[in-house]
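This report goes through selected features of a two-chain structure, from local backbone geometry to the contacts between its parts. The sequence and the coordinates are shown first.

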Amino acid sequence: MAEVKLTVNGKRVTRHVPDETLLVEFLREELRLTGTHVGCDTSQCGACTVHVDGMAVKSCTMLAASASGSEVTTIEGLANGGLHPMQKAFNDNHGLQCGFCTPGMIMTAVDMVRRYKASGERLDEEAIRHELEGNICRCTGYHNIVKSIQQAAGEM
Amino acid sequence: MNDAVGIGARVKRKEDRRFIIGSGRYTDDIRHDNQAYAAFVRSPHAHAKVVGIDASAAEASEGVVAVLTGRQLVDDKIGNLICGWAITSRDGTPMKMGPWSALATDRVRYVGDAVVAVIADTPALARRAAEKVVVEYEELPAVVSATRALEPGAPQVHDLAPGNLIFDWVIGDEAATDAGLRQAAHVTEMRITNNRLSPNAMEPRSALAVYDPAEGHYTLYTTSQNPHVARLVLSAFYNVAPENKLRVVAPDVGGGFGSKIYIYPEEITCLWASMKTGRSVKWTADRSEAFMTDAHGRDHDTVARMGFDKDGRITGFRVDTVANLGAYMSLFSSCVPTYLYATLLSGQYDIGNIFCNVKAVYTNTVPVDAYRGAGRPEACYVIERMMETAAREMNMNPAELRRRNFITQFPHQTPVIMNYDTGGFGAGLDAALRAADVASFPARKAEAARRGKLRGIGYSCYIEACGIAPSAAVGSLGAGVGLWESAEVRVNPVGTIEVFTGSHSHGQGHETTFAQIIAGRFGLPMENISIIHGDTDRVQFGMGTYGSRSGAVGMSAIVKAMDKVEAKVKKIAAHALEAAEDDIVVEGGAVKVAGTDRQMLWHEVSLAAYTGHNLPAGMEPGLKEDSFYDPVNFTFPAGTYIAEVEVDPDTGVTEVVRFTAADDFGTLINPMIVEGQVHGGIAQGIGQALLENVVYSENGQLMTGSYMDYAMPRADHVPSYTIEHTTTPCPGNPLGIKGCGEAGAIGSPPAVINAITDAIGNNDLQMPATPPVVWAAIRAAARPAAAA
Ligand code: FES
Ligand code: FES
């Protein structure tokens, strides 16, 4: 068993879990934060994306134990009670259908916009599509996801 | 009317909030007290005899609650999985349905076939114990290709289907069609394969079964597109629980695309196991299991011949198709390559003679059933590749060849059952040509050539049959169920409205669209209207969502129930306001005497209905109406898609650089949502054309079992799309809706492939057009020229 100490969405948590527990399992099963999803078993789909110390991470690729000591933000904690501009943009632009990929998309997109803003690079359509390579959506055909990110990038 | 939210308004989705804040409630998010987990021991062989099962080590493993086998299932009289649509072969014999037990008893027929279920305290303990189950197999030769399976001496998948033939079915007039082909001035012949696909809804299948021994009652939470049908089949055929003791809940469902229509072995096993163990039993597929066990789509091998007279008019169309149905007949598998396929072979064209033969075949692969479009993409792909190729062979403009053959008079009876009620095919083609700016394509091609790229343009004029379907019609064609839809509209005393619909939303936005038709009609705020679906305890009955039927059938049922509500509202108001019923109108949230200032507010009428203080003599109190709506005909969405691609001649890499869709879906309730449906469908179609392919090795091992090997379309594989609409309202239903859920996936593959073949100058190209495939086709096209 491993002791895992995390700050998740601003709250400190300590739990003892089997060594092999993945961060996504920890979030979903231990903390019951079920907004983070599991869409694959080969770290390809991005449905499980969360922020660890401010960076987008596929939480199915990380052991909870190796995240110990970190600050984790999940979709539930992205905008305490309100809506983050990215969340609002997804609603404004019909950027989601079944909603299953959506938390991962939003967490990836927030990280993407922050990185581009920090570096001063231009986040155009081509860059957005390229950056979304690690997130699969089967419903939207990506068109409105790209639009959503473009809108939020202008507002963040 | 409330135009801001009514028919045609781009209302933002009500349901989005819970998804964007992470509060969606999918099956795997639900946890029940006392919950145990199932893991399945699956066949590693494509075909084998099960000689023995030794479960002793698994039973002794930590945390194990039970180890369950097919024998126990049979002892408990759990029924075999069935196919619900009977097809008759040309010789009059019924289709040959091989036995399919939820857990295999004596034989396994595909890699992933479930053999043993292990129930344990945690998923990890269940998996660990499952690995300790020793199944002794005696391997048998396997066959994966349908064409191969029909050859003499091929391995036999089911003893009761000699030669692996499930049915040999025909439609149309063979002699007349062959005569039409003989008289033709030109005949185009092609061999066309439709590649095998995995639906890949992003939420994997999941089930949570809860048994209440005190009541003998079961609850199944599951990823279903049609929970009532699941309950019906689970009780009537699988004998798991009687219908009145079984509640099926399909909560938020993360996409379906057909794959969540069917009842699979895992749901049956979880329900049964919950009774046997007294524990709630959950199972959630991982993606590998999804690839191995979710019903696949397509997998057709076709030879088509189309004849034309000297003016380019079609004289006959003959299609011979071999359809791979996999190892067992899934729930609707038989109707997909027959009544959802061959009946659409007339396309948008006036064709006097059509004949189609379909041989459905068993192989040692996962069962094949409906995947977005289901039969109609296969039909469209055959027709539209034939038209494009024929135009090139006859040196005609492909758009003009199509236009010359368009049906222009409606209703139109095709030779393959369908009666098209309305359409505007020329208008759709014109809209697409305009929006795609086809006129300046030559300039774009020249510009691309300067960059060393081969640019091509491809058309596809699709038609499909949706709104499935008139119950009597499908009954006469072999369906085991009626395909109506039900709705109940409950107006509460305070005037808020709950709509209980038998349709199920797993991404389609029903909570918004369905509310719009009520808000718009009665002039009520959207937030006062709730749409409830997906729970057999709350919704009386429903046939569910597939075949683009929720608009045309599901919403029609709501309209019928609304009509009854409105009639009662008018009677109550007429009585209270002492006016003639005919003078009452409902608008702007009020019930008014037309031409006067006398009125009651909507909630005053609903309250009056419930107080019962002042109702017309003999009227029952309350304000709740329901309806069962059975459509009069299929609906026929149609349109033209135009793809432009650029191919790198050195690598074969193809990029879809422009994609234009002009669809006629009849009335649009929420164009934003409709366009979203088209976007998603197009991406799936581009995926089929360029990337996706399920591959089995010769001996039946699944080679594309993860996202590392099965290429899903990602954001940088697809362009932004241009979407246009033309409208001929459907005359067959009250809102004039045709349906929009599948068009994108139906119309796009031939447009993309026609664009590539145009670019590379070789019509002989099969999907998926991956870089090596395209590269080889470029080389093949160059060869004769080099020799000359
Ligand atoms: S679940 Fe983590 S990438 Fe798919
Ligand atoms: S919205 Fe369904 S997978 Fe993206």
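## Backbone, packing and interfaces

R32(A) is partly exposed, since its relative accessible area is 30%. This value, like every other in the report, is computed from a predicted model. R32(A) is located in the loop that runs between α1 (23-30) and β3 (49-52) of chain A, and although R32(A) is not a glycine, its phi is positive, at about 60°. A residue of chain B can be set beside it: N395(B), in the loop between α10 (376-393) and α11 of chain B, also is not a glycine and has a positive phi, near 55°. N395(B) is exposed, with a relative accessible area of 72%, a value that lies over the 50% cut-off for that class.

The backbone angles are gathered in the table below, together with the two cis peptide bonds described after it.

| Residue or bond | Angle | Value |
|---|---|---|
| R32(A) | phi | about 60° |
| N395(B) | phi | near 55° |
| N9(A) | phi | near 50° |
| G452(B) | phi | near 80° |
| F410(B) to P411(B) | omega | about -5° |
| M767(B) to P768(B) | omega | near -5° |

The peptide bond that joins F410(B) and P411(B) is cis, and P411(B) belongs to the loop between α11 (398-405) and β16 (412-413) of chain B. A cis peptide bond also leads from M767(B) to P768(B), where P768(B) sits in the loop between α19 (743-760) and α20 (771-787) of chain B.

### Strand β1 of chain A

Strand β1 (residues 2-8) of chain A is largely enclosed by the rest of the structure, because five of its seven residues are buried. With strand β2 (residues 11-17) of chain A, β1(A) pairs in the antiparallel sense over seven bridges, and within this pairing V4(A) stands opposite R15(A). Two residues lie between the strands of this hairpin, where N9(A) takes a positive phi near 50°. β1(A) also pairs with strand β5 (residues 71-73) of chain A, here in the parallel sense and over two bridges, with V72(A) in β5(A) as the bridge partner of V8(A).

### Helix α13 of chain B

Which residues of helix α13 (residues 441-450) of chain B are buried? They include F441(B), R444(B) and A448(B). The buried residues of α13(B) fall within an arc of 60° when seen down the helix axis, and therefore they line one face of the helix. This buried set packs against β18 (454-463), β26 (638-647), β27 (654-664) and α19 of chain B, whereas P442(B), A443(B) and R450(B), on the other side of α13(B), are exposed. After the helix comes G452(B), with a positive phi near 80°.

### The two domains of chain A

Chain A is divided into domain 1 (2-77) and domain 2 (85-155), whose centres, taken over C-alpha atoms, are separated by 21 Å. Between the two domains, 18 residues of domain 1 of chain A are in contact with 14 residues of domain 2 of chain A, and the area they bury between them is about 1,200 Å², with 60% of it on carbon and sulfur atoms. Of the area that domain 1 of chain A buries against domain 2 of chain A, H37(A), H51(A) and I75(A) supply 42%, more than any other three residues. The number of salt bridges between these domains is zero.

### The interface of chain A and chain B

How many salt bridges are found across the interface of chain A and chain B? The rule finds six; one salt bridge is formed by D92(A) with K12(B), where the closest N and O atoms are 2.9 Å apart. In this interface 46 residues of chain A are in contact with 53 residues of chain B, and the area buried between the chains is about 4,200 Å², of which 51% comes from carbon and sulfur atoms.

D29(B), in the loop between α1 (16-20) and β1 (35-42) of chain B, is buried, with a relative accessible area of 8%. Leaving aside residues up to four places away in sequence, D29(B) touches R28(A), R32(A), T34(A), H37(A) and G24(B). Two of these partners were met above: R32(A) as a residue with positive phi, and H37(A) as one of the residues that domain 1 of chain A buries against domain 2 of chain A.

Methods
Residues numbered from 1 in each chain as written. Chains lettered and ligands numbered in written order. Predicted model: local features only at pLDDT ≥ 70, side-chain atom pairs only at ≥ 80, totals over all residues. Heavy atoms only, no water. Buried < 20%, exposed > 50% of the residue type's maximum accessible area, 1.4 Å probe, protein only. Helix = DSSP H or I, 4+ residues; strand = E, 2+ residues; numbered from the N terminus. Pairing = 2+ DSSP bridges. Arc of directions from axis to C-beta. Contact = heavy atoms within 4.5 Å. Domains from an automatic or database assignment. Buried area = accessible area lost by both parts, 1.4 Å probe. Salt bridge = Lys/Arg side-chain N within 4 Å of Asp/Glu carboxyl O.
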